[in-house]
Amino acid sequence: MTDQATAAQTEGPDIPGKPVAASRTTLSHIMTHNDTNLLGTVHGGVIMKLVDDAAGAVAGRHSGGPAVTASMDEMAFLEPVRVGDLVHVKAQVNWTGRTSMEVGVRVLAERWNESAPPTQVGSAYLVFAAVDADGKPRRVPPVIPETEQDKRRYQEAQIRRTHRLARRRAIMELREKRAAEGYED
């Protein structure tokens, strides 16, 4: 693909926006003994995979095609998950850039045999990049926040993006400085 074609693909005509609800999804899974760690609770990596799966589905739905995980921020484990818990992973697009999307995820758990309301056990923010068949970035539709909560999440996502970019810049500057001083990392 030529540079001009790539620019047209990433800078092309405006793409109509999609409301948050258009790609919002919930993935539910019952936890078994295969999911446990040495403490007998569900392994954090199992929860992280469910989070990535749900977020990936949302990113693909919103972007209308493949999307890959670029980063995961702030994976918080709030409560342990146990064998027999029914885990619900709720995900939605919070913010979009030109080719990337932030997906917010809430993890809830409830006992499979009780009628008590689910408890929030975790949350995370993931950034996905939409890609074409060649793995090159492609444009995504803007997200349209619908509710006051959606608008708040959109604004918070912009703050997280600013912090991610500032952190990346600061790390690169430090590495360049250390390299100029002769340090090998």
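1. Two strands are said to pair if DSSP finds at least two bridges between them. In this predicted model, strand β2 and strand β4, which covers residues 85–96, pair in the antiparallel sense over six bridges. To place this pairing on the structure, one can look for Ser-28, which stands opposite His-88 in β4.

2. The pairing of β2 with β4 belongs to a wider arrangement, for five strands form an open sheet in the order β2-β4-β5-β6-β3, and the pairing is antiparallel. The edge strands are β2 (25–30) and β3 (67–77), each of which pairs on one side only. From one strand to the next, the twist averages 25°.

3. Which helix packs on the sheet and touches β2, β3, β4, β5 and β6? Helix α2, residues 44–63, does so, with β5 spanning 100–111 and β6 spanning 119–130, and the direction of α2 makes about 135° with that of β3. Helix α3, for its part, lies across β3, β4, β5 and β6, and runs at about 75° to β4.

4. The next point concerns the interior. The largest nonpolar core has 29 residues, and those with the most contacts inside this core are Val-51, Val-103 and Val-105. Helix α2 and the strands β3, β4, β5 and β6 each supply at least two residues of the core, and α2 gives the most, with seven residues. As general background, in soluble globular proteins nonpolar side chains tend to be buried together.

5. Val-51 deserves a separate look. If residues up to four places away in sequence are not counted, Val-51 touches Met-72, Met-75, Val-89, Val-105, Val-107, Ala-124 and Leu-126. Val-105 thus appears both in this list of contacts and among the core residues with the most contacts.

6. Is Ile-159 buried, partly exposed or exposed? This residue has its place in helix α3, which covers residues 148–180. Ile-159 has a relative accessible area of 48%, and because the partly exposed class lies between 20% and 50%, Ile-159 counts as partly exposed. As for its distance from another residue, Ile-159 and Val-121 are 38 residues apart in sequence and 24 Å apart in space, taken from C-alpha to C-alpha.

7. Finally, a remark on the record: an unreviewed UniProt entry carries the annotation "domain: HotDog ACOT-type", which covers residues 21–134. Over residues 21–134 of the model, the chain is 18% helix and 46% strand, and the end C-alpha atoms are 29 Å apart.

Definitions and conventions. Residues are numbered from 1 along each chain as its sequence is written. This is a predicted model: local features need pLDDT of at least 70, side-chain atom pairs count only at pLDDT 80 or more; totals for chains, interfaces and linings use all residues. Side-chain values use heavy atoms; hydrogens and water are left out. Helices (H or I, at least four residues) and strands (E, at least two) are DSSP runs, numbered from the N terminus. Buried means under 20% relative accessible area, exposed over 50%, partly exposed in between (1.4 Å probe, protein chains only). Axes are lines fitted to C-alpha atoms, for helices over the stretch in contact, and angles run from 0 to 180 degrees between N-to-C directions. Contact means heavy atoms within 4.5 Å. A nonpolar core is a set of buried Ala, Val, Leu, Ile, Met, Phe, Trp, Tyr and Cys residues joined through side-chain atoms within 4.5 Å. UniProt positions are given in the numbering used here, feature names are shortened, and annotations may be inferred rather than shown by experiment.
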